[in-house]
Amino acid sequence: MPISHAPPPAPVPDISPKSVSEAALAPAPGPELEALVPSSSRRARVPRWLRRTSGPLALLALWQILTATGALTSDVLASPGTIARVGGDLIRDGSLPNAMGVSLQRVALGLLFGTVVGTALALVSGLFRIGEDLVDASVQMLRTVPFVGLIPLFIIWFGIGEAPKIAIITLGVSFPLYLNVYAGIRGVDAQLIEAGESLGLSRWGLVRHVILPGALPGAMTGLRYSLGISWLALVFAEQVNADAGIGFLMVQARDFLRTDVIVVCLVVYAFLGLTADFVVRTLERLLLQWRPTFTGR
């Protein structure tokens, strides 16, 4: 009698609770997901330095077009080529480098004295209530007086030498620094002060480790404002009884109706101010690395 061979039984699927849970947790097959990058965080194809210089270059091109078409005559405003040629002549004969050296020395001294005075007054007024009562009202009153209007008084007090020029720059620099440093000190979070006190910091420790670092962003902003005002004050100071400096070159050019020399001096003022602002911004990035801020999108 033939023996029939039955097919082997089919494997029984594992339906234990463990296998069911593993199957439920296993990710279902599907299309691969691609990470989306916000359009605001994508890198621009145009380099940033090119974008920053596009504005000045556009103004320069417009200036050249207006002078080339005769919309701006040479007695009103010389062409950029003429300005460059005159600037080269002033550099070669040494008059422009000497004037820049004298003006930079005046700005440096006025900025130094103004920084010391403005910061010291802000510390006294910001750290102590009695200092605020004695100092703040007087400073707020004096800062409303136009410092340019004090030039005749400074000439009477200090003569016609370098002292009145440096004094007017010092006065113009002091007030922005005072206001920003004072606001920075009073803007420190009170909870940080309480945390420092709970950690056992002394009064000087609070000032050194909490208050001054918290006021540093305001101080850097005040320094940038002060730099701009220092160049403005220098323009006025060098227009009065000056025998050297960029302002002196402008006065001479005005007497001889040399608009090209005047524009050269204004361009030098602009580049010196831009360079000084770049230095302060670099210093600000180095000193405030601990303070991440929004940088634009």
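**Cavity and pocket in the predicted model**

User: How do the residues of the lining of the largest cavity divide by kind?

Analyst: Happily, that is a short list: 8 nonpolar, 2 polar and 1 charged. Here Ala, Val, Leu, Ile, Met, Phe, Trp, Tyr, Cys and Pro are nonpolar, Asp, Glu, Lys and Arg are charged, and the others, Gly among them, are polar. This is a predicted model, where local features need pLDDT of at least 70 and side-chain atom pairs pLDDT 80 or more, while totals for chains, interfaces and linings use all residues. Numbering starts from 1 along each chain as its sequence is written, and side-chain values use heavy atoms, without hydrogens and water.

User: What makes a residue part of that lining?

Analyst: A lining residue has an atom within 4 Å of a point on the 1 Å grid over the protein atoms alone; in a cavity, a 1.4 Å probe fits at these points but cannot get out. Ile151, Phe154, Ile155, Gly159, Ile160, Pro164, Lys165, Ile168, Ala237, Val240 and Asn241 therefore line the largest cavity. Two or more of the lining residues come from each of α6 (151–158) and α7 (163–186); these helices are DSSP runs of H or I, at least four residues.

User: How much space lies in the largest cavity, and how many cavities are counted?

Analyst: The space is about 90 Å³, and the count is 1 cavity of 30 Å³ or more. Volume means the space filled by probe spheres set on the points, which are joined across faces, edges and corners.

User: What makes a site a pocket instead?

Analyst: A pocket is an open set with protein on both sides within 12 Å along at least five of seven lines. The largest pocket has a volume of about 810 Å³. Its lining has 23 residues, with Pro56, Val267, Ala270, Phe271 and Leu274 nearest the centre. α11 gives the most to this lining, 10 residues.
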